[in-house]
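Colleague: I have a sequence and a model open in front of me. Could you take me through how the chain is laid out and how its parts pack?

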Amino acid sequence: KSVHQLTIDDEKALIHSSIRFPQARELVLAHSLTTETRSWFHLNLPRIVPTKQLTRLTIDHGQFPFDQLIRLLRLMPHLSHLTCHCRRITADTAASIKRSKSFAVVSRNNGIRHLNIRASESVESAKLLLALCSQVI
């Protein structure tokens, strides 16, 4: 039987996993990444699941950083559904993120049409997420 939804709720399991999920179309991240994990996460994730075929991403943790979200979205060009919490950010931080090359690339190229914001700790974070997903219907 094929696995179509992969849920990662333990970064240690991700680190040590030698299992691939080639049929996965949906990824759920239920755990915030530690500082140590963030630096290699984007390199190891494609080893476990073919990120280019993912169509749904759920980030089920309120403290997931925007820069990590942007990195993930760059790996997932066919994503059509995004569900996440919005982390609290300031207007200055939002402006800085918007000026980044990665933000420009993701906001221009992603195909996210369905956005579900589960919780927003600030208006700025929700605005940033909407700007990032400019094709939302």
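Modeller: This is a predicted model. Along the sequence, the elements of the protein follow the pattern β-α-β-α-β-α-β-α-α-β-α. The protein has six helices and five strands.

Colleague: What percentage of the residues of the protein count as buried?

Modeller: The protein has 137 residues. Buried here means under 20% relative accessible area. By that criterion, the share of residues that count as buried is 42%.

Colleague: Among contacts between residues at least 6 apart in sequence, what percentage join residues at least 24 apart?

Modeller: The pool is limited to contacts in the protein between residues at least 6 apart in sequence. Of these, the share joining residues at least 24 apart is 71%.

Colleague: Along strand E1, which residues point to the buried face?

Modeller: Strand E1 covers residues 5-8, and its side chains alternate between two faces. Gln5 and Thr7 point to one face and are not buried. The residues on the other face, which are buried, are Leu6 and Ile8.

Colleague: In which sense do E1 and strand E2 pair, and which residue in E2 stands opposite Gln5?

Modeller: Strand E2 spans residues 26-29, and E1 pairs with E2 over four bridges in the parallel sense. Within E2, the residue opposite Gln5 is Glu26.

Colleague: How are H3 and H5 oriented to each other?

Modeller: Helix H3 is residues 66-75 and helix H5 is residues 101-109; their axes are 10 Å apart and the packing angle is about 45°. H3 passes H5 in a left-handed crossing. An angle between 35 and 65 degrees is neither roughly parallel nor roughly perpendicular. The two helices, H3 and H5, are therefore oblique.

Colleague: Which residues in H5 are met by H3, and how does the contact divide by class?

Modeller: From H3, the residues in the contact are Ile70, Leu73 and Arg74. In H5 they meet Ser102, Phe103, Val105 and Val106. By class, the contact of H3 with H5 has one charged, one polar and five nonpolar residues.

Colleague: Is Ile70 buried or exposed?

Modeller: Ile70 lies in helix H3. Beyond its neighbours within four places in sequence, Ile70 is in contact with Ile97, Ser102, Phe103, Val106 and Leu132. Its relative accessible area is 5%, so Ile70 is buried.

Colleague: Which residues in H5 are buried, and which helices are included in what covers them?

Modeller: In H5 the buried residues are Phe103, Val105, Val106 and Ser107. What covers the buried residues of H5 includes helices H3, H4 (91-98) and H6 (123-132).

Terms used
Residues are numbered from 1 along each chain as its sequence is written. This is a predicted model: local features need pLDDT of at least 70, side-chain atom pairs count only at pLDDT 80 or more; totals for chains, interfaces and linings use all residues. Side-chain values use heavy atoms; hydrogens and water are left out. Axes are lines fitted to C-alpha atoms, for helices over the stretch in contact, and angles run from 0 to 180 degrees between N-to-C directions. Angles under 35 degrees count as roughly parallel, over 145 as roughly antiparallel, 65 to 115 as roughly perpendicular and the rest as oblique. A crossing is left-handed if the near helix is turned anticlockwise from the far one by less than a right angle, and right-handed if clockwise. Contact means heavy atoms within 4.5 Å. Ala, Val, Leu, Ile, Met, Phe, Trp, Tyr, Cys and Pro count as nonpolar, Asp, Glu, Lys and Arg as charged, and the others, Gly among them, as polar. Buried means under 20% relative accessible area, exposed over 50%, partly exposed in between (1.4 Å probe, protein chains only). Two strands pair if DSSP finds at least two bridges between them.
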